[in-house]
Amino acid sequence: MTKKRLFIVSNRLPVNVEVVNDKTEIHPSSGGLVSAISSFLDDEKEKKLNKYSDTYWVGVPGCTAPVWSAAGQDLNDDNYKFLPVFISKKVYDAYYNGLSNSMLWPLFHYFPSYAEFNSDAYTSYKKANEEFLEVLLKHLGPGDVVWIHDYHLLPLAGMIRNELPEITIGFFLHIPFPSHEIFKIMPKEWQEHILEGMLGADLIGFHTIDYAAHFLKTVQMVFGLQNEKNIIEYKNRLVKAEVFPISIDYDKFHDAWDDPAVREKRHALKKQFNERKIIFSVDRLDYTKGVYNRLKAYEYFLSNYPEYHGKVVFIMNVVPSRDSISKYAERKKIIDEYVGNLLSTVGTVTWQPIIYQYANLDFDELVAMYTSCDLALITPIRDGMNLVAKEFVASRRDERGVLVLSEMAGAARELTYALVINPIDTEEIALKIKEGLEMTGAEQAMRMKAMQKAVQRYSVNTWAADFFKKLEGIRKKQKEFEVRFLDNDSRIELLGSFNNAKSRLLLLDYDGTLKPFVSHPALAKPDDNLLEILRALAEDKRNHIYIISGRDSTTLGSWIGHLPINIVAEHGAKFRDAGQDWQNEPSINTEWLPVVEEIMMNHARQCERSFVEKKEFSIAWHYRNAETAPGKLVADELYNELQQYTSSLKIKVVKGNKIIEVRNKGINKGVAVNRILKTGKYDFTLACGDDTTDEDMFRQLADIKSAYTIKIGPEASYAKYNLYTPQMVTSLLNTLKDIVEHSGKPAQLKATGD
Ligand code: GDG
């Protein structure tokens, strides 16, 4: 097996290069992402599973090109080869501070009023992403895998895809993806550019189901693209959105309990605060982290429960961050003032209710704090995941300590045994602090053990391994989905199989497959030529023909009911075997139809030349004749309203080719084909269809070797082959008719030149 190369891409390289007193200093920086990927790679090496010959890390080095060159070979790490991206200071500032942290960060964390929409900053954002692209293009080759991280690089996957359509790309977003209402606050051009960029990846990872769902909904609202089981069909490719809750190196934190330096610091802290209960928090200085609300809640706790005066201390560590952005500098001032006030109003000569540090803790100090506190108070207003919560849990080898955690942190989805609070509810936080400080040892242990199990189960290497596994999975699925036109060889093979088969199944969609699309469904009546082909084919007892359509049974019956062929109407809700009566799919209900009809009629009135097609068990709104822009607008609105109305009902809203259709759940062409397959043994199957609804049929037949599935049109599909037009289908059927009529003499089996 030839080995691929892996390219990790993040804003910063995991190394800092500085010149101090004329000497170059190299400091590796080991953030959460580095430890996640390193421990995954080590694990793979240990198990001799590593698929990558080399791992490169692409990012901004934080120094100039000459300084970087001077550091030379010393820069290489055991695990990674570093590829620096040099961006001019001006562009970097606008890309990093101006756009990433002053627009994307606040908007994605639901602080729209903090977001600044500066078009020069967006231009720099694009420019910086282009610089990343340029470095990557110098190195990437066939078979390589790229994994891009975070909001700084949202457009990059799309840019790479334009240049290298075949490359494997994963993308992971470390912050929340907001609801489409929030996303759509930014200019339309940016929305499309960002989504297009993200959709350049094969797999897009999020921390929680909510973020993935918001992304899928946003893609639907902005591009009108639906998803099937989290898979979007975009520009003839499949793109999957999945959930991968990032984690920590559990053992590193769990084992640190016994580290002599940690033990010493823990004992010192315990001694210093004697019998006092310790509350602890640590986070970067950021308005999303809820530091101000936390202080308010602590003050409220002290004023409501005065019995705790002198018996509790809150050690609050704030880590300097992004201080060149005004919103961050303002935050610092607000916190400084609040703490000063609290100390002067509540504190006494012998008791400081709060100890506030604005500094970076080293690892030992951090774990000493995690392991000596009685309660960790983590109250972000919004947080993608929050690793501090997981680290605190992993550190508590003693199974003691209480976690008070905001429901707005991604981590709250997994750490369900925390005392979960709403971060702006001061009273609730105060109450939970009290409850936590008074919790029995037995309950603390029960909760802590349950949370430790949750963190351990999906530790950091599992996270990365899971991502790569799913990335391979979607690449495999894409292979089944490619456009492959029915060429001469395949056509001859198909005709040969048909000729040799004893029992043949022909599954034919109608509109767009046997007849081209026309301005109104009623105009698609079959012509004599088509009827003659179908009749001749049906006369051969070896052929079992099904017209399998979304149309109503009355129309289909009146058009082709006189022929000895079977009909499946309304996507399978009704069916009729040749010469028999119509039957309904049991369990179908139509109580919802009048309401949906009214909603559709209201929208049809807003969109000229659109119309509603009412069937017995389903209903469709068509806008093929409408102007493109208003058609799309009304389609989006109608789709949303129908989604809302149908969310609690057993019905499905489906977007097709210039059509929105509502029908019963569990009724589709795949289910219908499954029923048909049980009616006999077929050694040849041909299925033709043009619409998204035909994909269910293609998927159902995907594993049957003797099945030829053909998508009509140039789009990628689960079908094995594509044909351009309905005329080509008729021509193929005509050749099959010739074979039947000449009883399959081999001389007839040559391809006609379509
Ligand atoms: C983003 C998302 C998501 C903090 N102070 C000190 C220190 N830290 C370490 C912690 C932890 C990390 O920094 C902070 O991680 P978070 O997850 O809490 O937050 P962000 O930095 O905002 O990260 C976040 C994350 O990406 C991963 O996807 O969870 O939601 O915003 O590891 O330990 N470490 C040391 N001293 C400190 O003073 N040594």
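## Terms and model

A residue is called buried when its relative accessible area is under 20%, exposed when it is over 50%, and partly exposed in between, with a 1.4 Å probe and only the protein chains counted. Arginine 551, at a relative accessible area of 5%, is buried by this rule.

The model is predicted, so local features need pLDDT of at least 70 and side-chain atom pairs count only at pLDDT 80 or more, while totals for chains, interfaces and linings use all residues. Residues are numbered from 1 along each chain as its sequence is written, and side-chain values use heavy atoms, leaving out hydrogens and water.

## The shell around the ligand

A residue is near the ligand if one of its heavy atoms lies within 4 Å of it. There are 19 residues around the ligand, and those that come nearest are His174, Leu361, Asp383, Leu387 and Glu391. By type, the shell holds 10 nonpolar, 5 polar and 4 charged residues. Here Ala, Val, Leu, Ile, Met, Phe, Trp, Tyr, Cys and Pro count as nonpolar, Asp, Glu, Lys and Arg as charged, and the others, Gly among them, as polar.

Two of the nearest residues also have N or O atoms close to atoms of the ligand. A polar side-chain atom of histidine 174 is 2.7 Å from a ligand oxygen, and a backbone N or O atom of leucine 361 is 2.6 Å from a ligand nitrogen. Lysine 289 places a polar side-chain atom 3.3 Å from an oxygen atom of the ligand. The ligand taken alone exposes 730 Å², and the protein buries 79% of that; these areas come from the Shrake-Rupley method with a 1.4 Å probe.

Which elements give two or more residues to the shell? They are β12 (277-284), α13 (363-372) and α14 (387-395), and α14 gives the most, with 3 residues. Helices (H or I, at least four residues) and strands (E, at least two) are DSSP runs, numbered from the N terminus. At least three shell residues come from each of domain 1 (4-243) and domain 2 (252-455), where the bounds come from an automatic or database domain assignment.

## Salt bridges

A salt bridge is a side-chain nitrogen of Lys or Arg within 4 Å of a carboxyl oxygen of Asp or Glu. The model has 45 salt bridges by this rule. One of them joins arginine 294 and aspartate 283, with N and O 2.7 Å apart. This pair links distant parts of the chain, with arginine 294 in helix α11 (residues 291-304) and aspartate 283 in strand β12, 11 residues apart. Arginine 294 is buried at 0% relative accessible area, and aspartate 283 is buried at 8%.

Aspartate 511 and arginine 551 form another salt bridge, their closest N and O atoms lying 2.7 Å apart. The two residues are 40 apart in the chain: aspartate 511 is in the loop between β18 (504-508) and α19 (528-539), and arginine 551 is in the loop between β19 (543-548) and α20 (553-560). Aspartate 511 is buried, at 15%.

Lysine 632 and aspartate 636 also meet in a salt bridge, at 3.3 Å from N to O. Both lie in helix α22 (residues 628-646), and because they are 4 residues apart, about one helical turn separates them. Lysine 632 is partly exposed at 36%, whereas aspartate 636 is buried at 15%. Elsewhere, salt bridges link Arg161, Asp202, Arg237 and Arg475 in a network.

Terms used: Polar contact = N/O pair within 3.5 Å; in protein donor to acceptor, adjacent residues only side chain to side chain.
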